[in-house]
Each structure stands twice: as structure tokens, then as C-alpha cells.
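Me: I have a structure open and a few things to ask about it. Can we go through them one by one?

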Amino acid sequence: MPDGCRVYAIGDIHGRFDLLLDLQEQIKADLEAFPPEESVEIFLGDYIDRGPDSRAVLEYLFAGEKLCDRRVCLKGNHEAVLLDVLSDPSMLPYWCGQGGSATLRSFGVAPPSGGDQRSLVTCHQALLQALSGGFEQFLRSLALSESVGHYFFVHAGIDPRRPMRAQREEDLVWIREPFLSSGRDFGFCVVHGHTPRDEVDIRPNRIDIDTRAFASGRLTCLVLEGGERRFLQTQDVAEPETVRRR
């Protein structure tokens, strides 16, 4: 990290607003105990779907209290799918099958009944209305990546077969292989989520901090400062009722 800079990188939240608030309290305490010259929060995407409170998560990220000097919110594949849904109602069944039904309910919108066209149109119109007031604008403003010092922050990873200038949005938001199995020295360390693990996965060229928070109750934050790495993590392992029913 650059001198005097501390980064808090937060993994996939997936509608667990309760865990986000817990982690934010830990970050706040960390900042008060050891104030840095500059602090940056980087959220790695997948704020929505599966968990019960996607609306609250989004609202907090674009309108809630900012603990750090700078907040960066990256696009995850679940946000990418939702943006596709906004322009194509036929994608609603696919999205709902990926956890989108929980997001709809958090906005007070009833999921569509199967593939019935009238039901899709009704749901789509209600969703467009629900996402007015800043939500859609926030989703469209999400960045694809962020670089700080010798770290590259992204939702899914990079394609090791392509130079950095040729990375595609699809790579950054969706990739798993050949990124996950690559032992290549990228010239920087990639900090990512997207691929859920039971524990943080630390490799020489990447760090995966998606600890399946929506089901495990473990939302992870990687803290980077100077040459130091440490972790903050929630400990609530109870699953919300809406998650247990899925």
C-alpha cells in the first residue's frame, strides 16, 4: 500500500444487511483505534440476491454513512444480471433462479408466476418503479475495478491469457477459470470475490474473500496497510429464515 493509506476490501454481501452493519462497526472501531492518514473502502460487488435485505444494502452503499475518506463500489455479476433484466423482462425467470426473488421481495415486488408474459410485464414495471429514486443510477455507476498500490480489486478476477488493457467486462465480472487455477505472476495481487469459499483463500497472486456470507454469516473484510494484511469478519452463523427456505 502507498504510505499512510489503509484499504478495507469487503467481500460479497448478498443481501445480508445485518452482517454489513456488523462489519461497518468493526471498521469504525478499527479506524478509531488506529487512525490512518488516508482510508479507502472497496466493496467487491454482489450486494444483492439470495439474502433478505438487498434494498437496505444498496441504500446504505449509495446513501449511508461513509466511514472512510473514499468509498469504491464495484460491479458484481448479480448487479450485471439485474441491469440486463431492466432492459429485458424475459430474463426475470433466470434472475429469480439466481436469488433475484429475494431482491424483488425486499423492494416489495412480487416475483413473476412462471414464464407467463403478463406476469413478467407486471413484475418488470413494478421493478422499474421500485428502482427509481437513485437505485438504478447507483447500479449503472458501479466501477469494474480499482487499483491501489500493488493490489488490483475486482469482483471475479482477470483472464490471465489477456493483457490488462484487453480485459473485458465479462472477464472482470464473471470469470472463474482459467483465473482461479493460474499460478502466473500478474505483477500485482488480485483481491476478488465471486467464488465462494468456506475460508479466505490466499494464493501468491490472488486473495478470495467471498466467504458465502448469505448462508454462513461470515462476511469478510481484508485490511491492507503498508506490507500488512489482516482480516475483520462477522461471526453470526445463523441463517435468516428466507435463506433457509431456498
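Me: Which residues of H5 are buried?
Reply: This is a predicted model. In H5, the buried residues are Ser119, Leu120, Cys123, His124, Leu127 and Ala130.

Me: Why are they on the same side of H5?
Reply: The buried residues cover an arc of only 130° around the axis, so they sit on the same side of H5. In general, an α-helix has 3.6 residues a turn, so residues three or four places apart point the same way.

Me: ok, and which residues are exposed on the other side of H5?
Reply: Gln117, Arg118, Gln125 and Gln129 are exposed there.

Me: What covers the buried residues of H5?
Reply: The cover includes helix H3 (77–87), helix H4 (92–106) and helix H6 (135–140).

Me: What span should H5 have, given its 14 residues?
Reply: At 1.5 Å a residue, H5 (residues 117–130) should span 20 Å. Its end C-alpha atoms are 20 Å apart, which agrees.

Me: New topic. How many aromatic pairs does a search of the whole structure find?
Reply: Eight aromatic pairs. One of them joins phenylalanine 62 and phenylalanine 138, with 5.6 Å centre to centre and 35° between the planes, and is tilted.

Me: Which helices do those two lie in?
Reply: Phenylalanine 62 lies in helix H2 (residues 54–63) and phenylalanine 138 in helix H6, so the pair ties together parts that are 76 residues apart in sequence.

Me: Is phenylalanine 138 buried or exposed?
Reply: Phenylalanine 138 is buried, with a relative accessible area of 9%. Phenylalanine 62 is partly exposed, at 25%.

Me: Which residues form an aromatic cluster?
Reply: Phe62, Phe107, Phe135 and Phe138 form one aromatic cluster.

Me: And where does arginine 206 lie?
Reply: Arginine 206 lies over the face of phenylalanine 179, at 5.7 Å from the ring centre.

Me: Last topic, then. How many disulfides does a search of the whole structure find?
Reply: Zero. Cysteine 5 is in no disulfide, and the nearest cysteine sulfur, in cysteine 68, is 9.4 Å away.

Me: Why does cysteine 221 have no bond to cysteine 68?
Reply: The two sulfurs are 8.4 Å apart, which is too far for a bond. A disulfide needs the sulfur atoms within 2.5 Å.

Me: Is cysteine 221 buried or exposed?
Reply: Cysteine 221 is buried, with a relative accessible area of 0%. Cysteine 5 is buried too, at 2%.

Methods. Residues numbered from 1 in each chain as written. Predicted model: local features only at pLDDT ≥ 70, side-chain atom pairs only at ≥ 80, totals over all residues. Heavy atoms only, no water. Helix = DSSP H or I, 4+ residues; strand = E, 2+ residues; numbered from the N terminus. Expected span 1.5 Å × (residues − 1). Buried < 20%, exposed > 50% of the residue type's maximum accessible area, 1.4 Å probe, protein only. Arc of directions from axis to C-beta. Contact = heavy atoms within 4.5 Å. Phe/Tyr/Trp six-rings, centres within 6.5 Å; stacked < 30°, edge-to-face > 60°. Lys NZ or Arg CZ within 6 Å of the ring centre and 35° of its normal.
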